[in-house]
Amino acid sequence: MSPHQTMLAAVEAHRPGYTLARDFYCDPAFFRLDLENIHHRDWLFAGHDCEIKRAGQFFTLQIGDYPVVVVRGNDGAIRAFHNSCRHRGSRVCTAEHGRAKRLVCPYHQWSYDLDGTLARARHMEGEIDKSQFGLKPVHCRSVGGYVFVCVGRDAPDWDAFSATVAPYLAPHDLSDTVVVHSSTIVENGNWKLVWENNRECFHCAANHPELCRSYPEAPTATGVDAVFSDPAMVEHWARCEAVGLPSRFAIADSGQYRVTRAPLIEGVESYTMSGRKAVKRQLTPRVTEPLIGTLLLFHYPTTWNHVLGDVATTFRVLPIDATHTEVTTKWLVNKDAVAGVDYDMDELTKVWLATNDQDRRVVEENQRGILSPAYEPGPYSLEHESGVMQFVDWYLGATRRALQGEPKLRR
Ligand code: 3BY
Ligand code: FES
Ligand code: FE
(Lines give C-alpha, C1' and ligand atoms only; values in the text may rest on other atoms or scores of the structure.)
(Ligands and ions follow the chains in the order given, each with its own letter.)
Protein backbone atom coordinates (compact mmCIF):
# COMPACT_ATOMS: atom_id res chain seq x y z
CA MET A 1 0.00 0.00 0.00
CA SER A 2 1.14 3.56 -0.71
CA PRO A 3 1.32 5.96 2.24
CA HIS A 4 -1.87 7.60 0.86
CA GLN A 5 -3.73 4.31 0.98
CA THR A 6 -2.34 3.46 4.41
CA MET A 7 -3.48 6.80 5.77
CA LEU A 8 -6.89 6.62 4.15
CA ALA A 9 -7.37 3.15 5.63
CA ALA A 10 -6.37 4.52 9.05
CA VAL A 11 -8.84 7.40 8.66
CA GLU A 12 -11.61 4.96 7.79
CA ALA A 13 -10.64 2.67 10.68
CA HIS A 14 -10.83 5.49 13.23
CA ARG A 15 -13.13 4.74 16.13
CA PRO A 16 -15.25 7.84 16.88
CA GLY A 17 -14.78 9.24 20.36
CA TYR A 18 -11.33 7.72 20.65
CA THR A 19 -7.84 9.14 20.23
CA LEU A 20 -6.09 8.62 16.91
CA ALA A 21 -4.03 5.60 15.98
CA ARG A 22 -0.34 5.79 16.82
CA ASP A 23 0.86 6.47 13.25
CA PHE A 24 -0.99 9.80 13.16
CA TYR A 25 1.15 11.02 16.03
CA CYS A 26 4.58 9.76 15.10
CA ASP A 27 4.94 8.22 11.63
CA PRO A 28 7.13 10.39 9.33
CA ALA A 29 5.12 9.30 6.27
CA PHE A 30 1.89 10.41 7.96
CA PHE A 31 3.55 13.67 8.95
CA ARG A 32 4.50 14.29 5.32
CA LEU A 33 0.92 13.67 4.29
CA ASP A 34 -0.28 16.10 6.98
CA LEU A 35 1.90 18.75 5.38
CA GLU A 36 0.61 17.95 1.91
CA ASN A 37 -3.02 17.61 2.96
CA ILE A 38 -3.21 20.47 5.40
CA HIS A 39 -0.31 22.85 5.98
CA HIS A 40 0.79 23.10 2.37
CA ARG A 41 -2.71 23.83 1.13
CA ASP A 42 -4.60 25.74 3.82
CA TRP A 43 -4.74 29.26 5.19
CA LEU A 44 -2.26 29.55 8.07
CA PHE A 45 -1.80 32.33 10.59
CA ALA A 46 1.58 33.96 9.92
CA GLY A 47 1.77 37.02 12.16
CA HIS A 48 0.21 40.41 12.89
CA ASP A 49 -0.09 43.37 10.57
CA CYS A 50 1.00 45.64 13.46
CA GLU A 51 4.41 43.91 13.37
CA ILE A 52 4.98 45.32 9.89
CA LYS A 53 3.36 48.73 10.16
CA ARG A 54 5.88 50.55 7.99
CA ALA A 55 6.89 50.02 4.38
CA GLY A 56 9.76 47.57 4.10
CA GLN A 57 9.10 45.85 7.41
CA PHE A 58 8.98 42.09 7.04
CA PHE A 59 8.85 38.84 8.99
CA THR A 60 9.75 35.32 7.94
CA LEU A 61 8.37 31.92 8.84
CA GLN A 62 8.82 28.29 7.81
CA ILE A 63 5.69 26.45 6.69
CA GLY A 64 6.61 22.80 6.36
CA ASP A 65 8.91 22.75 3.32
CA TYR A 66 8.34 26.40 2.45
CA PRO A 67 10.28 29.40 3.74
CA VAL A 68 8.00 32.45 3.42
CA VAL A 69 8.52 36.18 3.84
CA VAL A 70 5.68 38.61 4.58
CA VAL A 71 6.42 42.26 3.79
CA ARG A 72 4.68 45.64 3.82
CA GLY A 73 5.01 47.41 0.46
CA ASN A 74 5.52 51.09 -0.30
CA ASP A 75 1.83 51.19 -1.22
CA GLY A 76 0.90 49.96 2.28
CA ALA A 77 -0.22 46.54 1.04
CA ILE A 78 0.96 43.40 2.80
CA ARG A 79 2.30 40.69 0.48
CA ALA A 80 3.84 37.29 1.01
CA PHE A 81 6.49 35.59 -1.13
CA HIS A 82 8.34 32.34 -1.29
CA ASN A 83 11.58 33.21 0.44
CA SER A 84 13.74 31.56 -2.18
CA CYS A 85 15.93 33.59 -4.53
CA ARG A 86 15.21 33.24 -8.24
CA HIS A 87 18.99 33.14 -8.95
CA ARG A 88 20.20 29.98 -7.23
CA GLY A 89 17.55 29.57 -4.61
CA SER A 90 19.08 30.96 -1.43
CA ARG A 91 16.78 32.23 1.27
CA VAL A 92 16.59 35.97 0.64
CA CYS A 93 15.47 37.23 4.05
CA THR A 94 17.28 35.42 6.81
CA ALA A 95 16.17 37.43 9.83
CA GLU A 96 12.94 36.65 11.64
CA HIS A 97 12.04 40.34 11.49
CA GLY A 98 13.58 43.26 9.69
CA ARG A 99 13.15 46.36 7.63
CA ALA A 100 14.64 47.02 4.20
CA LYS A 101 14.16 49.29 1.20
CA ARG A 102 14.63 46.25 -0.99
CA LEU A 103 14.94 42.56 -0.21
CA VAL A 104 18.56 41.72 -1.00
CA CYS A 105 19.71 38.14 -1.33
CA PRO A 106 22.78 37.57 0.87
CA TYR A 107 24.38 35.18 -1.64
CA HIS A 108 25.00 37.28 -4.80
CA GLN A 109 22.88 40.32 -3.97
CA TRP A 110 20.01 39.98 -6.39
CA SER A 111 17.63 42.59 -5.01
CA TYR A 112 13.89 42.63 -5.10
CA ASP A 113 11.44 45.49 -4.73
CA LEU A 114 8.93 45.16 -1.92
CA ASP A 115 6.33 43.96 -4.42
CA GLY A 116 8.63 41.05 -5.33
CA THR A 117 9.87 42.43 -8.67
CA LEU A 118 13.52 41.71 -9.40
CA ALA A 119 15.13 45.16 -9.39
CA ARG A 120 18.86 44.38 -9.67
CA ALA A 121 20.85 41.32 -10.69
CA ARG A 122 24.48 42.27 -10.22
CA HIS A 123 26.73 41.51 -13.25
CA MET A 124 23.82 39.76 -14.96
CA GLU A 125 21.62 42.64 -16.04
CA GLY A 126 22.27 42.13 -19.76
CA GLU A 127 21.94 38.37 -19.59
CA ILE A 128 18.46 37.84 -18.23
CA ASP A 129 14.94 39.18 -18.59
CA LYS A 130 14.40 40.48 -15.07
CA SER A 131 10.63 40.46 -15.51
CA GLN A 132 10.81 36.66 -15.47
CA PHE A 133 12.57 36.38 -12.11
CA GLY A 134 10.42 38.09 -9.50
CA LEU A 135 9.89 36.43 -6.13
CA LYS A 136 7.06 33.93 -6.35
CA PRO A 137 3.92 35.16 -4.60
CA VAL A 138 2.20 33.36 -1.75
CA HIS A 139 -1.52 33.94 -1.10
CA CYS A 140 -1.87 36.49 1.68
CA ARG A 141 -4.94 37.96 3.40
CA SER A 142 -5.60 39.89 6.61
CA VAL A 143 -8.49 40.13 9.02
CA GLY A 144 -8.74 42.08 12.26
CA GLY A 145 -4.98 42.39 12.67
CA TYR A 146 -4.16 38.80 11.70
CA VAL A 147 -2.15 38.00 8.55
CA PHE A 148 -2.80 34.60 7.01
CA VAL A 149 -0.89 32.99 4.15
CA CYS A 150 -1.44 29.96 1.97
CA VAL A 151 1.42 28.32 0.06
CA GLY A 152 -0.91 26.13 -2.00
CA ARG A 153 -1.42 26.85 -5.67
CA ASP A 154 -5.12 27.55 -5.18
CA ALA A 155 -6.11 28.96 -1.83
CA PRO A 156 -9.27 27.63 -0.19
CA ASP A 157 -12.16 30.00 0.46
CA TRP A 158 -11.15 32.93 2.67
CA ASP A 159 -14.29 35.05 2.75
CA ALA A 160 -16.46 32.95 5.07
CA PHE A 161 -13.83 32.97 7.83
CA SER A 162 -13.07 36.63 7.34
CA ALA A 163 -16.75 37.64 7.37
CA THR A 164 -17.42 35.57 10.49
CA VAL A 165 -14.56 36.81 12.66
CA ALA A 166 -14.13 40.40 11.45
CA PRO A 167 -17.00 41.82 13.57
CA TYR A 168 -15.67 40.11 16.72
CA LEU A 169 -12.15 41.42 16.22
CA ALA A 170 -12.97 44.89 14.87
CA PRO A 171 -13.68 46.63 18.22
CA HIS A 172 -10.24 45.63 19.52
CA ASP A 173 -8.31 47.51 16.81
CA LEU A 174 -5.45 45.00 16.89
CA SER A 175 -3.93 46.53 13.73
CA ASP A 176 -3.22 49.59 15.83
CA THR A 177 -1.55 47.81 18.76
CA VAL A 178 2.03 46.70 19.33
CA VAL A 179 3.63 43.32 20.05
CA VAL A 180 5.66 43.86 23.22
CA HIS A 181 6.74 40.29 23.84
CA SER A 182 7.13 37.13 21.82
CA SER A 183 8.11 33.66 22.95
CA THR A 184 8.89 30.68 20.74
CA ILE A 185 9.21 27.20 22.15
CA VAL A 186 9.66 23.82 20.50
CA GLU A 187 7.54 21.05 21.96
CA ASN A 188 8.66 17.46 21.50
CA GLY A 189 5.27 16.40 20.29
CA ASN A 190 3.22 16.02 17.15
CA TRP A 191 1.30 19.18 16.16
CA LYS A 192 -2.02 17.41 16.74
CA LEU A 193 -1.09 16.66 20.36
CA VAL A 194 -0.45 20.38 20.85
CA TRP A 195 -3.96 21.02 19.55
CA GLU A 196 -5.65 18.23 21.46
CA ASN A 197 -4.14 19.62 24.63
CA ASN A 198 -5.31 23.11 23.80
CA ARG A 199 -8.85 22.06 23.07
CA GLU A 200 -9.70 21.00 26.60
CA CYS A 201 -9.28 22.31 30.12
CA PHE A 202 -9.70 18.85 31.64
CA HIS A 203 -5.99 18.98 32.43
CA CYS A 204 -6.02 22.52 33.83
CA ALA A 205 -6.67 21.95 37.53
CA ALA A 206 -3.76 19.56 37.90
CA ASN A 207 -1.34 21.39 35.60
CA HIS A 208 -2.04 25.13 35.48
CA PRO A 209 -2.09 26.67 38.99
CA GLU A 210 -1.40 30.15 37.57
CA LEU A 211 -3.95 30.02 34.73
CA CYS A 212 -6.63 28.56 37.00
CA ARG A 213 -6.70 31.81 38.97
CA SER A 214 -8.30 33.47 35.97
CA TYR A 215 -9.45 30.99 33.30
CA PRO A 216 -12.58 28.93 34.04
CA GLU A 217 -12.43 25.16 33.87
CA ALA A 218 -16.02 24.99 32.62
CA PRO A 219 -16.06 22.72 29.56
CA THR A 220 -18.40 25.19 27.84
CA ALA A 221 -15.63 27.82 27.71
CA THR A 222 -13.05 25.65 25.99
CA GLY A 223 -15.20 22.97 24.35
CA VAL A 224 -17.94 23.16 21.74
CA ASP A 225 -20.84 21.26 23.34
CA ALA A 226 -23.74 22.60 25.40
CA VAL A 227 -22.39 26.12 25.06
CA PHE A 228 -25.81 27.66 24.46
CA SER A 229 -27.28 25.98 27.50
CA ASP A 230 -24.69 27.40 29.89
CA PRO A 231 -26.34 30.44 31.52
CA ALA A 232 -22.92 31.92 32.40
CA MET A 233 -21.98 31.99 28.71
CA VAL A 234 -25.33 33.33 27.54
CA GLU A 235 -25.37 36.09 30.17
CA HIS A 236 -21.81 37.04 29.32
CA TRP A 237 -22.66 37.40 25.63
CA ALA A 238 -25.67 39.57 26.45
CA ARG A 239 -23.59 41.83 28.70
CA CYS A 240 -20.80 42.22 26.14
CA GLU A 241 -23.15 42.67 23.22
CA ALA A 242 -24.90 45.43 25.16
CA VAL A 243 -21.62 47.37 25.07
CA GLY A 244 -21.14 46.75 21.35
CA LEU A 245 -18.96 43.63 21.42
CA PRO A 246 -20.14 40.77 19.20
CA SER A 247 -19.79 37.75 21.46
CA ARG A 248 -21.97 34.74 20.82
CA PHE A 249 -20.43 31.40 19.94
CA ALA A 250 -20.01 30.83 16.20
CA ILE A 251 -18.37 27.84 14.56
CA ALA A 252 -17.63 27.02 10.92
CA ASP A 253 -19.72 24.29 9.29
CA SER A 254 -16.44 22.58 8.54
CA GLY A 255 -15.33 23.00 12.16
CA GLN A 256 -12.13 24.76 11.11
CA TYR A 257 -12.66 27.86 13.24
CA ARG A 258 -14.69 28.99 16.23
CA VAL A 259 -15.10 32.37 17.83
CA THR A 260 -16.84 33.23 21.11
CA ARG A 261 -16.46 35.44 24.11
CA ALA A 262 -16.20 33.58 27.41
CA PRO A 263 -16.28 34.96 30.93
CA LEU A 264 -13.16 34.68 33.05
CA ILE A 265 -13.46 33.75 36.70
CA GLU A 266 -15.75 36.16 38.53
CA GLY A 267 -14.16 39.57 38.92
CA VAL A 268 -11.06 38.72 36.87
CA GLU A 269 -9.95 41.33 34.36
CA SER A 270 -6.84 39.77 32.89
CA TYR A 271 -4.42 36.83 32.92
CA THR A 272 -2.38 38.01 35.88
CA MET A 273 -1.64 36.44 39.23
CA SER A 274 -3.88 39.03 40.92
CA GLY A 275 -6.61 38.88 38.30
CA ARG A 276 -6.33 42.65 37.88
CA LYS A 277 -5.41 44.24 34.59
CA ALA A 278 -1.89 43.64 33.33
CA VAL A 279 -1.86 46.92 31.41
CA LYS A 280 -3.25 50.20 32.71
CA ARG A 281 -4.28 51.38 29.27
CA GLN A 282 -6.92 49.35 27.50
CA LEU A 283 -5.88 47.87 24.13
CA THR A 284 -8.07 50.50 22.54
CA PRO A 285 -10.13 53.37 23.96
CA ARG A 286 -13.13 51.89 22.12
CA VAL A 287 -13.41 49.10 24.70
CA THR A 288 -13.62 50.58 28.19
CA GLU A 289 -15.67 47.95 30.05
CA PRO A 290 -13.13 45.97 32.16
CA LEU A 291 -15.01 42.68 32.63
CA ILE A 292 -15.35 41.49 29.06
CA GLY A 293 -13.71 38.11 29.68
CA THR A 294 -11.78 36.65 26.78
CA LEU A 295 -12.52 36.56 23.08
CA LEU A 296 -11.59 33.01 22.12
CA LEU A 297 -10.71 32.35 18.51
CA PHE A 298 -9.19 29.26 17.02
CA HIS A 299 -8.46 28.52 13.39
CA TYR A 300 -7.05 25.08 12.62
CA PRO A 301 -4.27 24.19 12.17
CA THR A 302 -2.28 27.25 13.28
CA THR A 303 -3.83 29.56 15.83
CA TRP A 304 -5.72 30.03 19.08
CA ASN A 305 -6.20 33.38 20.74
CA HIS A 306 -7.32 35.29 23.79
CA VAL A 307 -8.32 38.93 23.27
CA LEU A 308 -8.96 40.77 26.53
CA GLY A 309 -9.61 44.39 27.35
CA ASP A 310 -6.00 45.22 28.05
CA VAL A 311 -4.00 42.59 26.15
CA ALA A 312 -4.31 40.11 23.33
CA THR A 313 -2.33 36.90 23.64
CA THR A 314 -2.00 35.06 20.35
CA PHE A 315 -0.59 31.63 19.58
CA ARG A 316 0.85 30.18 16.38
CA VAL A 317 1.45 26.46 15.90
CA LEU A 318 3.83 25.33 13.16
CA PRO A 319 4.81 21.72 12.58
CA ILE A 320 8.52 20.89 12.39
CA ASP A 321 8.50 17.12 12.03
CA ALA A 322 6.42 14.18 13.22
CA THR A 323 7.32 14.73 16.86
CA HIS A 324 8.31 18.42 17.05
CA THR A 325 6.12 21.50 16.94
CA GLU A 326 6.95 25.18 17.25
CA VAL A 327 4.61 27.32 19.35
CA THR A 328 4.96 31.09 19.21
CA THR A 329 3.09 33.31 21.67
CA LYS A 330 2.74 37.08 21.31
CA TRP A 331 1.46 39.75 23.66
CA LEU A 332 -0.22 42.77 22.02
CA VAL A 333 -0.93 45.91 24.01
CA ASN A 334 -1.94 49.53 23.45
CA LYS A 335 0.65 51.15 21.20
CA ASP A 336 1.19 53.98 23.68
CA ALA A 337 1.62 51.74 26.72
CA VAL A 338 5.02 52.20 28.36
CA ALA A 339 6.84 49.27 29.97
CA GLY A 340 7.48 49.89 33.66
CA VAL A 341 4.78 52.57 33.73
CA ASP A 342 1.62 51.10 32.22
CA TYR A 343 2.61 47.48 32.69
CA ASP A 344 5.23 45.27 34.21
CA MET A 345 6.59 42.86 31.62
CA ASP A 346 6.95 39.98 34.10
CA GLU A 347 3.43 40.42 35.35
CA LEU A 348 2.13 40.68 31.78
CA THR A 349 3.78 37.48 30.58
CA LYS A 350 4.03 35.32 33.70
CA VAL A 351 0.76 33.36 33.46
CA TRP A 352 1.07 32.31 29.83
CA LEU A 353 4.81 31.64 29.98
CA ALA A 354 4.14 29.30 32.90
CA THR A 355 1.09 27.78 31.19
CA ASN A 356 2.96 27.20 27.94
CA ASP A 357 5.77 25.46 29.74
CA GLN A 358 3.29 23.28 31.62
CA ASP A 359 1.49 22.46 28.37
CA ARG A 360 4.82 21.64 26.73
CA ARG A 361 5.52 19.08 29.44
CA VAL A 362 2.03 17.62 29.16
CA VAL A 363 2.36 17.29 25.39
CA GLU A 364 5.83 15.77 25.64
CA GLU A 365 4.66 13.14 28.12
CA ASN A 366 1.66 12.42 25.92
CA GLN A 367 3.99 11.92 22.94
CA ARG A 368 6.37 9.68 24.88
CA GLY A 369 3.56 7.45 26.02
CA ILE A 370 2.13 7.22 22.51
CA LEU A 371 5.54 6.22 21.17
CA SER A 372 5.17 3.04 23.18
CA PRO A 373 4.17 0.09 21.00
CA ALA A 374 1.74 -0.69 23.81
CA TYR A 375 -0.26 2.49 23.14
CA GLU A 376 -3.74 2.04 21.79
CA PRO A 377 -6.44 4.67 21.24
CA GLY A 378 -8.38 5.57 24.38
CA PRO A 379 -11.79 7.21 24.95
CA TYR A 380 -12.29 10.98 25.21
CA SER A 381 -14.45 12.37 28.03
CA LEU A 382 -17.88 13.33 26.68
CA GLU A 383 -18.17 16.15 29.19
CA HIS A 384 -14.67 17.60 29.13
CA GLU A 385 -13.21 16.69 25.76
CA SER A 386 -15.86 17.76 23.24
CA GLY A 387 -13.39 20.28 21.85
CA VAL A 388 -10.76 17.59 21.33
CA MET A 389 -13.22 15.34 19.53
CA GLN A 390 -14.24 18.31 17.41
CA PHE A 391 -10.59 18.92 16.47
CA VAL A 392 -10.09 15.26 15.60
CA ASP A 393 -13.26 15.28 13.49
CA TRP A 394 -12.09 18.34 11.60
CA TYR A 395 -8.67 16.78 11.08
CA LEU A 396 -10.03 13.47 9.83
CA GLY A 397 -12.52 15.22 7.54
CA ALA A 398 -9.90 17.52 6.04
CA THR A 399 -7.50 14.60 5.66
CA ARG A 400 -10.11 12.37 4.01
CA ARG A 401 -11.11 15.09 1.54
CA ALA A 402 -7.49 15.77 0.64
CA LEU A 403 -6.60 12.10 0.24
CA GLN A 404 -9.65 11.53 -1.90
CA GLY A 405 -8.62 14.52 -3.99
CA GLU A 406 -11.62 16.76 -3.56
CA PRO A 407 -10.67 19.51 -6.00
CA LYS A 408 -11.92 22.71 -4.35
CA LEU A 409 -11.85 22.58 -0.60
CA ARG A 410 -14.30 24.86 1.12
CA ARG A 411 -13.32 24.47 4.72
O1 3BY B 1 -5.43 28.49 25.71
C2 3BY B 1 -6.49 27.90 25.74
O3 3BY B 1 -7.43 28.44 25.19
C4 3BY B 1 -6.68 26.58 26.41
C5 3BY B 1 -8.00 26.50 27.01
C6 3BY B 1 -7.89 25.63 28.14
C7 3BY B 1 -6.51 25.49 28.46
N8 3BY B 1 -5.75 26.09 27.41
C9 3BY B 1 -4.72 26.86 27.92
FE1 FES C 1 20.33 34.86 -4.52
FE2 FES C 1 22.48 34.21 -5.95
S3 FES C 1 21.16 32.91 -4.86
S4 FES C 1 21.68 36.16 -5.57
FE1 FE D 1 -3.01 23.60 29.13
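How far apart do the end C-alpha atoms of residues 43-149 lie, and how much of the span is helix and how much strand? Keep that in mind for the first view; everything here comes from a predicted model.

**View 1. Here is the stretch that carries a UniProt label, residues 43-149.** The end C-alpha atoms of this span lie 5 Å apart. As for its make-up, the span is 0% helix and 42% strand. The label itself, "domain: Rieske", comes from an unreviewed UniProt entry.

**View 2. Now step back and take in the whole protein chain, with its 10 helices and 17 strands.** Roughly 70 × 60 × 35 Å is the box that its C-alpha atoms fill along the principal axes. Why can we compare the chain with a compact globule? Because a compact globule of 411 residues would have a radius of gyration near 22 Å, and the protein chain has 22 Å, so the two agree. Buried residues make up 44% of the 411. Now look at the contacts with a separation of 6 or more: 65% of them come from residues 24 or more positions apart.

**View 3. This one shows where domain 1 (44-150) meets domain 2 (158-371).** The centres of the two domains, taken over C-alpha atoms, are 30 Å apart. Where they touch, 14 residues of domain 1 are in contact with 20 residues of domain 2. On the domain 1 side, the elements giving two or more residues are strand S1 (44-48), strand S2 (57-63) and strand S9 (137-143). Sort the residues of that side by class and you get 6 nonpolar, 5 polar and 3 charged.

**View 4. Zoom in on helix H3 (residues 28-39) and its buried residues.** Which residues of H3 are buried? They are Phe30, Phe31, Leu33, Asp34, Asn37, Ile38 and His39. These buried residues have plenty to pack against: helix H1 (3-13), helix H2 (22-26) and helix H10 (386-403), along with S1, S2 and strand S16 (312-321). You have already met S1 and S2 in View 3, on the side of domain 1 that touches domain 2.

**View 5. Finally, here is ligand 1 with the residues around it.** Look for Asn198, Cys201, Cys204, Thr222, Trp304 and Thr355. What classes of residue make up the shell? There are 3 nonpolar and 3 polar residues, and no charged ones.

Terms used:
Residues numbered from 1 in each chain as written. Chains lettered and ligands numbered in written order. Predicted model: local features only at pLDDT ≥ 70, side-chain atom pairs only at ≥ 80, totals over all residues. Domains from an automatic or database assignment. Contact = placed C-beta atoms within 7 Å. Helix = DSSP H or I, 4+ residues; strand = E, 2+ residues; numbered from the N terminus. Nonpolar A, V, L, I, M, F, W, Y, C, P; charged D, E, K, R; others polar. Rg over C-alpha atoms; globule rule 2.2 N^0.38 Å. Buried ≥ 20, exposed ≤ 12 C-beta atoms within 10 Å, placed from the backbone. Near = placed C-beta within 6 Å. UniProt positions renumbered as here; feature names shortened; annotations may be inferred.
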